[in-house]
Amino acid sequence: MKIGIDLDGVVMDSETTFRTYDEIFDIDILKGNNLVNREEPKFQERYNWTEEQEKEFISKYFLTISRESNLMSGFTAVYKRLKEQGHEFVVVTARGGHLKEMKDDAIRILEENKIEFDKYYWGVEDKLEICKKENVDIMIDDDWKIIKRLAENGVKTLYFRDVNLMKLEENEYITEVNNWGDIYRYMKKK
């Protein structure tokens with residue numbers, strides 16, 4: 001099976017780290033409560049920050065977040081088992097789009113942990129296009145908007161949903177998972 005896989009929030013715990021620094025920035029730096037929707041996956045929609053404040057957050061915290069990120073708990077064990085069973089992994093990530101150094105950090109983390117995927121797409125804005133081009137059998141992502149778009153266009157998805165993010169109704173194209181054990185169970189059923 002060809003598996004499309006996002007990095008942030010799926011392979012690496014960076015989304016949790018992002019949400020921590022989002023709050024620090026909003027509370028301590030901006031001295032406010034600009035949270036408008038905690039179900040939004042990206043800080044640009046989660047807070048009503050100005051464009052200048054968003055740029056300040058990016059320059060102040062993106063590299064820190066990237067460097068503090070680790071592999072998700074359970075990822076390595078499941079990944080190795082799935083590779084041994086012959087599954088192919090295609091990374092489809094927006095990482096590296098804002099700052100090239102974030103791509104470099106991801107490569108460093110993967111190399112340190114001896115993780116090598118079959119193919120990489122960095123700085124991707126349209127994951128649907130890549131999933132169709134690569135003919136992935138299933139895409140694993142943590143962004144409900146991306147999951148919804150993929151599903152509406154006939155791409156099967158595993159929605160790696162964090163507790164705060166929008167709940168989507170499951171159907172033949174959307175299955176919710178919350179950890180790598182859930183992903184392994186799903187893959188073994190297939």
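**Exercise 1.** Place Arg19 in the secondary structure and decide whether Arg19 is buried or exposed.

Solution.
- Step 1: Arg19 belongs to helix α1, which covers residues 14–29. The model is a predicted one.
- Step 2: The relative accessible area of Arg19 is 13%.
- Step 3: Buried means under 20%, so Arg19 is buried.

**Exercise 2.** List the residues that Arg19 touches, leaving out residues up to four places away in sequence, and give the C-alpha separation for Arg46.

Solution.
- Step 1: Outside that sequence window, Arg19 is in contact with Pro41, Arg46, Asp162 and Leu165.
- Step 2: Arg46 lies 27 residues from Arg19 along the chain.
- Step 3: The C-alpha atoms of Arg19 and Arg46 are 9.7 Å apart, while a contact requires heavy atoms within 4.5 Å.

**Exercise 3.** Write down the order of helices and strands in the protein.

Solution.
- Step 1: The protein has eight helices and six strands.
- Step 2: Read from the N terminus, the order is β-α-α-α-α-β-α-β-α-β-α-β-β-α.

**Exercise 4.** Compare the radius of gyration with that of a compact globule, and give the spans of the C-alpha trace.

Solution.
- Step 1: For 190 residues, a compact globule would have a radius of gyration near 16 Å.
- Step 2: The protein has 16 Å, so the value agrees with the globule rule.
- Step 3: The C-alpha trace spans about 50 × 35 × 30 Å along the principal axes.
- Step 4: Of the contacts with a separation of 6 or more, 62% join residues 24 or more positions apart.

**Exercise 5.** Describe the nonpolar cores and the contacts of Phe75.

Solution.
- Step 1: Buried residues make up 47% of the 190 residues.
- Step 2: In soluble globular proteins, nonpolar side chains tend to be buried together.
- Step 3: The largest nonpolar core holds 28 residues, and Ile5, Val11, Phe75, Phe117 and Trp180 have the most contacts inside it.
- Step 4: Elements giving two or more residues to this core include β1 (2–5), α4 (75–84), β2 (88–92) and α8 (180–189).
- Step 5: Not counting residues up to four places away in sequence, Phe75 touches Ile5, Val11, Ile115, Phe117 and Trp180.
- Step 6: A second, separate core has 13 residues, among them Phe25, Phe57, Ile58 and Tyr61.

**Exercise 6.** Characterise the exposed area and the charges of the protein.

Solution.
- Step 1: The protein exposes about 9,800 Å², and carbon and sulfur atoms supply 44% of this area.
- Step 2: There are 31 positive and 40 negative charges.
- Step 3: The mean positions of the positive and negative charges lie 5 Å apart.

Terms used
Residues are numbered from 1 along each chain as its sequence is written. This is a predicted model: local features need pLDDT of at least 70, side-chain atom pairs count only at pLDDT 80 or more; totals for chains, interfaces and linings use all residues. Side-chain values use heavy atoms; hydrogens and water are left out. Helices (H or I, at least four residues) and strands (E, at least two) are DSSP runs, numbered from the N terminus. The radius of gyration is taken over C-alpha atoms; the globule rule is 2.2 Å times the number of residues to the power 0.38. Buried means under 20% relative accessible area, exposed over 50%, partly exposed in between (1.4 Å probe, protein chains only). Accessible areas come from the Shrake-Rupley method with a 1.4 Å probe; for residues, only the protein chains shown count as cover. Lys and Arg count as positive and Asp and Glu as negative; His and the chain ends are not counted. The place of a charge is taken as NZ of Lys, CZ of Arg, CG of Asp or CD of Glu. A nonpolar core is a set of buried Ala, Val, Leu, Ile, Met, Phe, Trp, Tyr and Cys residues joined through side-chain atoms within 4.5 Å.
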